[in-house]
Amino acid sequence: MPKLTIDGREIEVPDGINLIQAAERAGIEIPHYCYHPGLSIPGNCRMCLVEVEKAPKLQVGCSTRVAEGMVIHTNSPRTKTAQKAVLEFLLINHPIDCPVCDQAGECKLQDYYMDYDAQPSRFPLGRKVRKGKAIDAGSGVMLDQERCVLCARCTRFFDEVTHTSELAIFERGDHCKIDTWPGRPINNKYAGNVIDICPVGALTEKEFRFRMRVWYLHRTASVCAGCERGCSIDIHHQRGRIYRYKPRENPAVNSYWMCDEGRHSFAGLQNETRLVTALYQDGDRLVAESWPEALRRASTKIMALGQQHGANAIGAVIGAQSTNEEAFALKCLIKDTIGSDQIATLSWSSPGASPDDNLLIRANKNPNSRGLAALGLPADGLDGLASGVAAGTLKMLIALRSDLVRALGEKTFVERFGALDYLLVVDTDANQTCQMANQVLPIGAYPEIDGSFTNFKGRVQRIRAAFAPPGEALPAIEAIARLGHALDGVQRSVMAEQIFGELAAAEPAFQGLSLSGLGPHGADLR
Ligand code: SF4
Ligand code: SF4
Ligand code: FES
């Protein structure tokens, strides 16, 4: 652990880190463009120059490793002169685009200009070198060559992470520009990451451009539910609408990246199919009703069937889109409150879904298959339930986040479950299974609820509600607690934190964990 002094502050840092990382630990910013902790270090932008005592010249903070006794000055006159010079150089040919640039508010040229430069341009406007603007580079990436600072983060991402090399720097001198190869647009499943790492407005997202100024967006730390990897993300939202997902650094799960499928998956969570009220079947229609009416209807049915045919007449299917807390709450309701052992899980992925790759994407498109297994729930088990229906012993099914009709196909669903007396669907959307249901309870999608998912490697990560579910939809743990109360009059917790505590006490795999103790990177199952 070398000791060094940065701007008069003495700190001890781990061996092998660079000066940018060391300064960060001391709460000091060394401005930088080309350095990114997930990529190689080319040292090409020179924005990170700092003064290191005893070194004859200024040193680049990104490629200089810490050493015992180093004395570094990040705001000395020599450092400041270098920072101003680099910024003036970078801005010589930069267009006057800030008012119309989507990067405004999160642009490192704007920010560093204000913090480290703040001098008028000495370069005549008319002599700026013109380059390509608003070029559709492929895979939803818009390229504005004039705004680029040639840091080569994007080219390194495609060279080193996806190994597809779709972008390169062409030409020489002040005619240098980022571009695709002729006839070879960007075409890979991780392209959105170059938009995230571009420090300026040269690469922007086609879908997001001009939809929302970034300073209006709120951020909520969560997890992508697009597959069993469970990449850490930030949800960027405003007034109950999601505008974009951004990957959140997590060395145990996704490093700094996420896939484009996951990045754009929020669109499916905020469309017109969302359920906003409880429904019941009236003839051949589904009709809206209030929560008290819905709970009375569902609990009366459960009690009547239980009395008539025994507790095992009631079963549940828990979809692997459910959180650990939801699955645990429904498992307790079925086993302890109702007294049935008829539980199955559904971990279904569409046949056309992208297969496993060697970066992040997983073929299993459910975020919590491993969590359900860790809760001791059977993998699948639908055959057992179907036999119960065929034998006339299983009369009622509660389907939580389980679109059985889509998973099995309508014909098979009707063959296997068509003879049920009662189908109660607890879900977010008016899917095909809802159309077959006797009753539907509306619940929140994962950006609207608190809880946790366990990824395929056993990493338990926290998800947080960015905003409330739409209409009268409730978090599923609250819907289950209300149904339990209607059955036995016992108040149950509707707080994910508390349910996780009960779960950790009851389930050996979760022993010792707590929701708040998961931290930003999650924790491993036992
Ligand atoms: S497009 Fe962005 S990431 Fe790529 S070199 Fe230019 S500034 Fe850097
Ligand atoms: S790899 Fe899976 S979890 Fe990660 S962003 Fe893609 S879909 Fe989401
Ligand atoms: S960040 Fe050090 S040279 Fe670019």
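The following exchange examines a predicted model of one protein chain with its ligands.

Visitor: How many helices and strands does the protein chain contain, and what percentage of its residues is buried?

Guide: This model is predicted, and the secondary structure of its protein chain comes to 15 helices and 23 strands. The chain has 526 residues. Of these, the buried share is 55%.

Visitor: What are the spans of the C-alpha trace, and what part of the accessible surface belongs to carbon and sulfur atoms?

Guide: Along the principal axes, the C-alpha trace spans about 90 × 50 × 35 Å. The accessible surface of the protein chain comes to about 22900 Å². The part belonging to carbon and sulfur atoms is 51%.

Visitor: Which helix gives the most residues to the largest nonpolar core?

Guide: The largest nonpolar core holds 56 residues, and Tyr33, Leu109, Phe157, Val200, Leu203 and Tyr245 touch the most other members. At least two residues each come from helix 2, helix 3, strand 7, helix 4, helix 5, strand 12 and strand 13. With four residues, the element that gives the most to this core is helix 4.

Visitor: Which residues of helix 4 are buried, and which elements do they pack against?

Guide: Helix 4 is mostly covered, with seven of its nine residues buried. Those buried residues are Arg153, Cys154, Thr155, Arg156, Phe157, Phe158 and Val161. The elements against which they pack are strand 8, strand 9, helix 5 and strand 10.

Visitor: Which residue with a positive phi follows helix 4?

Guide: The phi in question is near 55 degrees. The residue that carries this positive value after helix 4 is His163.

Visitor: Which residues does Val200 touch, not counting those up to four places away in sequence?

Guide: Val200 is among the residues that touch the most other members of the largest nonpolar core. Leaving out residues up to four places away in sequence, Val200 touches Tyr33, Gln103, Cys107, Leu109, Arg147, Cys148 and Val149.

Visitor: How many residues form the second, separate core?

Guide: Among the members of this second core are Ala294, Ala298, Ala327 and Ala509. The core is separate from the one that contains Val200, and its residue count is 51.

Visitor: Which residues stand opposite Leu424 in the strands that pair with strand 19?

Guide: Strand 18 runs parallel to strand 19 and is joined to it by five bridges. Strand 20 also pairs with strand 19 in the parallel sense, over four bridges. In strand 18 the residue opposite Leu424 is Ile398, and in strand 20 it is Gln439.

Visitor: Which residues point each way from strand 19, and are they buried or exposed?

Guide: Six of the six residues in strand 19 are buried. Tyr422, Leu424 and Val426 point one way, whereas Leu423, Val425 and Asp427 point the other way. On both sides, the residues are buried.

Visitor: Why does Lys80 count as partly exposed?

Guide: Lys80 is found in helix 2. Partly exposed residues fall between the limits of 20% and 50%. Lys80 therefore belongs to this class, as its relative accessibility is 44%.

Visitor: Which residues surround ligand 2, and how many of them are charged?

Guide: The shell around ligand 2 consists of Cys224, Gly226, Cys227, Arg229, Gly230, Cys231, Met258, Cys259, Gly262, Leu360 and Ile361. Seven of these residues are nonpolar and three are polar. The number of charged residues is one.

Notes:
Residues numbered from 1 in each chain as written. Chains lettered and ligands numbered in written order. Predicted model: local features only at pLDDT ≥ 70, side-chain atom pairs only at ≥ 80, totals over all residues. Heavy atoms only, no water. Near = heavy atom within 4 Å. Nonpolar A, V, L, I, M, F, W, Y, C, P; charged D, E, K, R; others polar. Core = buried A, V, L, I, M, F, W, Y, C linked by side-chain atoms within 4.5 Å. Buried < 20%, exposed > 50% of the residue type's maximum accessible area, 1.4 Å probe, protein only. Contact = heavy atoms within 4.5 Å. Pairing = 2+ DSSP bridges. Areas by Shrake-Rupley, 256 points an atom, 1.4 Å probe, with all protein chains shown as cover.
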